[in-house]
Amino acid sequence: MKKILFVCHGNICRSPMAEAIFRDMLDKQGLSDQFLVDSAAVSSEELGHPVYPAAQTELRRRGLPASAHRAWQLSRGDYDRYDFFIGMDTDNVYRMQRIFGGDRDKKIGLLLAFTDRPREVEDPWYTGRFGFVFDEITEGCTALLAQLTQTTPGRK
């Protein structure tokens with residue numbers, strides 16, 4: 001079983017959206033039993049808070065169920081619990097490396113680095129572009145799943 005943790009700043013917008021999108025992809029491809037998927041924050045600002053309402057609205061608008069996820073913060077011990085840590089932007093990657101004291105096993109990556117156009121996923125908390133972010137996360141999750149299941153060549 002591959003254990004994937006999606007990570008963003010507060011764990012109320014991008015990473016829980018990525019978790020929901022990736023789970024939906026796994027369900028549709030009959031792969032749910034091969035993966036454990038969750039999401040977390042690099043900061044403590046939103047601990048215990050639910051998924052941001054605008055993110056929930058976008059998930060429902062796209063046919064995904066509302067998430068019961070509550071924000072939690074990544075800790076050093078999580079490095080040994082998960083196989084892959086997928087950050088939404090370079091600051092998330094930097095903070096994960098600080099929390100873990102490095103990345104000795106090369107488990108940390110940027111979601112959109114798996115695509116043909118590597119870039120960061122913008123934070124919709126600031127931009128309000130939840131639909132755009134949903135599409136970018138879907139692109140990244142599609143490429144990530146292809147890489148993990150080795151169905152097509154991908155980037156890491």
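## Briefing: a buried arginine, aromatic pairs and positive phi angles

R119 is buried, at a relative accessible area of 17%. That value falls under the 20% cut-off for buried residues. The model is predicted. Eight aromatic pairs occur in the structure. Two residues other than glycine, N11 and K106, have a positive phi.

**R119 and its surroundings**

- R119 sits in the loop between β4 and α4, the latter spanning residues 124–127.
- The side chain of R119 makes a polar contact of 2.9 Å with the side chain of E136.
- A polar atom of the R119 side chain also lies 2.5 Å from the backbone oxygen of R117.
- With neighbours within four places in sequence set aside, R119 contacts L110, L112, E136 and E139.
- E136 therefore appears both in this contact list and as the side-chain polar partner of the buried R119.

**Aromatic pairs**

- F22 and F35 are one of the eight aromatic pairs.
- Their geometry is edge-to-face, with 5.9 Å between centres and 85° between planes.
- F22 belongs to helix α1 (residues 14–28) and F35 to strand β2 (residues 35–41), so the pair ties together parts 13 residues apart in sequence.
- Both F22 and F35 are buried.
- A single aromatic cluster takes in Y79, Y82, F85 and F100.

**Charges over rings**

- K107 lies over the face of Y79, at 4.5 Å from the ring centre.
- Y79 is itself a member of the aromatic cluster with Y82, F85 and F100.
- R129 lies over the face of F132, at 3.9 Å from the ring centre.

**Positive phi outside glycine**

- Most residues other than glycine have a negative phi.
- N11 has a positive phi of about 65°.
- N11 is placed in the loop between β1 (2–8) and α1.
- Is N11 buried or exposed? N11 is buried, and its relative accessible area is 0%.
- K106 has a positive phi near 55°.
- K106 lies in the loop between α3 (90–100) and β4 (108–110).
- K106 counts as exposed because its relative accessibility is 60%, and the cut-off for exposed is over 50%.
- The two loop residues thus contrast in burial: N11 is buried, whereas K106 is exposed.

Methods
Residues numbered from 1 in each chain as written. Predicted model: local features only at pLDDT ≥ 70, side-chain atom pairs only at ≥ 80, totals over all residues. Heavy atoms only, no water. Phe/Tyr/Trp six-rings, centres within 6.5 Å; stacked < 30°, edge-to-face > 60°. Helix = DSSP H or I, 4+ residues; strand = E, 2+ residues; numbered from the N terminus. Buried < 20%, exposed > 50% of the residue type's maximum accessible area, 1.4 Å probe, protein only. Lys NZ or Arg CZ within 6 Å of the ring centre and 35° of its normal. Polar contact = N/O pair within 3.5 Å; in protein donor to acceptor, adjacent residues only side chain to side chain. Contact = heavy atoms within 4.5 Å.
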